[in-house]
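Colleague: Could you take a close look at the pockets of this predicted model for me, and the largest pocket above all? I would like a connected account of what lines the open spaces, with a word on any enclosed space and on helix packing.

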Amino acid sequence: MLVTRTTDRMTLPSLAERQAIIDGPVTPDAFRRAFDATACLREIEVRSPARPVPVGTRARIAFWNAERLKYQAPSAGLMASLRADVLMLCELDLGMARTGNRHTTSDLADTLGQGYVFGAEFIELGLGDLREQKAHAGETNSAGIHGGGFISPVLLSRPALVRLETSGRWFDGAFHERRVGGRIAMLAEVAVGGRPVLLASVHYESHTGPGDRLLQTEALLDAIDRHAPGVPVLIGGDFNTSSREYEEKRDPSFIARALAVDPNRLVMPVPYEPMFDLLQRRGYDWETCNAPGPTQRTRPDGTPPPPLGRIDWLFARGLLCSDAATVPAVDTAGIAISDHEVLAVTIALK
């Protein structure tokens with residue numbers, strides 16, 4: 001599914017609409033009806049910057065899984081320090097109790113004095129994961145939207161949302177929270193040196209394995225080629241490249257055995273993830289646009305515990321990449337504000 005319909009204000013699902021889904025049957029047909037009836041899953045909210053700035057022949061681009069954008073002020077400080085022409089972001093809340101029922105993307109853009117593009121990945125039917133359910137018990141989501149997009153002082157054109165999957169795997173609550181929607185990539189074009197470059201901000205499924213990540217990659221690359229054929233591309237995302245199946249991720253003994261055989265497996269998962277081979281065949285490079293090392297970070301509550309891996313990546317096609325960096329996602333006191341580090345790179349046209 002490729003969504004291109006834009007609006008200046010997304011259609012928010014009411015509490016009654018969300019409650020009707022919760023009270024209804026938990027079946028594949030019920031998921032499909034809920035998905036089809038929820039307008040915001042087929043909209044892109046766009047606000048252009050008040051005074052757009054131009055980009056020269058080089059652009060600094062950053063990607064960050066902002067983990068709900070829970071910490072607004074330190075997040076704004078960190079993002080401002082990057083001096084990026086475009087921020088590619090995922091895990092952004094709109095009307096979630098866990099983030100004060102704020103429109104976190106709009107708030108961050110306001111603080112930075114920039115515009116934004118936002119698309120809905122899921123309608124959250126509850127308060128979030130088990131930690132968030134406990135912390136916010138008794139509270140109510142005003143809208144229950146979780147998604148991704150871009151924040152930029154630059155004018156972004158041709159925004160689109162790619163629905164990478166509509167499996168409904170989160171609908172029945174098997175993962176301890178119920179959702180309507182599916183994983184997405186947000187697309188938009190930025191003019192670099194007067195020519196368009198397509199940017200893709202991506203969030204892959206976390207409760208799956210390498211084979212499913214390959215399918216999501218195929219869907220992503222096909223959508224990019226249909227939407228912007230022949231245009232240079234920079235993809236940034238949380239690809240959840242754990243190098244193992246979901247069940248194996250939860251087995252400490254498997255991890256210990258795997259690291260005994262290959263100590264670099266988590267920080268260099270390329271041989272274990274067939275998506276990299278597909279990306280290479282389709283003309284994408286990652287060696288020049290990523291700094292080495294893990295991209296996960298342990299939160300103050302001790303999760304995720306070490307050993308940490310590299311699950312966030314930048315991929316480029318038709319671009320020259322330089323000055324790749326992994327930036328710690330911490331506040332001024334050195335405390336984590338996300339469980340993901342920030343990736344940054346400078347791009348130029350070949």
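Modeller: By class, the 40 residues around the largest pocket comprise 15 charged, 13 nonpolar and 12 polar ones. In this predicted model, the pocket that they line has a volume of about 1,300 Å³, and the residues that lie nearest its centre are Ser-206, His-207, Lys-249, Arg-299 and Pro-304. Several elements each supply at least two residues of this lining, namely the strand β4 (58-68) and the helices α5 (130-135), α7 (246-249) and α8 (252-261). Lys-249, one of the residues nearest the centre, can be found by its number within the range of α7 (246-249).

The second largest pocket holds about 250 Å³ of space, and its lining is made of 16 residues, with Glu-17, Ile-21, Ala-34, Ala-37 and Thr-38 lying nearest the centre. Two elements give two or more residues to that lining, α1 (15-23) and α2 (28-37), and the largest share, four residues, comes from α2. When the residues around the second largest pocket are sorted by class, 11 are nonpolar, three are polar and two are charged.

Turning from pockets to enclosed space, a search of the whole structure finds one cavity of 30 Å³ or more, and the volume of this largest cavity is about 30 Å³. Its lining includes Leu-89 and Cys-90, the glycines Gly-147, Gly-148 and Gly-149, and also Ser-201, Val-202 and His-203. Strands supply much to look at here, since at least two lining residues come from each of β5 (86-94), β7 (145-152), β10 (184-192) and β11 (195-203). Five residues of the cavity lining are nonpolar, five are polar and one is charged.

For the helix packing, follow α3 (residues 72-82) and α4 (residues 104-112), whose axes come within 10 Å and cross at roughly 55°. That angle is why α3 is described as oblique to α4, and the crossing in which α3 passes α4 is right-handed. On the α3 side, the contact is made by Gln-72, Ser-75, Ala-76, Met-79 and Ala-80, while α4 contributes Thr-104, Asp-107, Leu-108, Thr-111 and Leu-112. Taken together, the residues of this contact divide into five nonpolar, four polar and one charged.

Terms used: Residues are numbered from 1 along each chain as its sequence is written. This is a predicted model: local features need pLDDT of at least 70, side-chain atom pairs count only at pLDDT 80 or more; totals for chains, interfaces and linings use all residues. Side-chain values use heavy atoms; hydrogens and water are left out. Axes are lines fitted to C-alpha atoms, for helices over the stretch in contact, and angles run from 0 to 180 degrees between N-to-C directions. Angles under 35 degrees count as roughly parallel, over 145 as roughly antiparallel, 65 to 115 as roughly perpendicular and the rest as oblique. A crossing is left-handed if the near helix is turned anticlockwise from the far one by less than a right angle, and right-handed if clockwise. Contact means heavy atoms within 4.5 Å. Ala, Val, Leu, Ile, Met, Phe, Trp, Tyr, Cys and Pro count as nonpolar, Asp, Glu, Lys and Arg as charged, and the others, Gly among them, as polar. On a 1 Å grid over the protein atoms alone, a cavity is a set of points where a 1.4 Å probe fits but cannot get out, and a pocket is an open set with protein on both sides within 12 Å along at least five of seven lines; lining residues have an atom within 4 Å of a point. Grid points are joined across faces, edges and corners, and a volume is the space filled by probe spheres set on the points.
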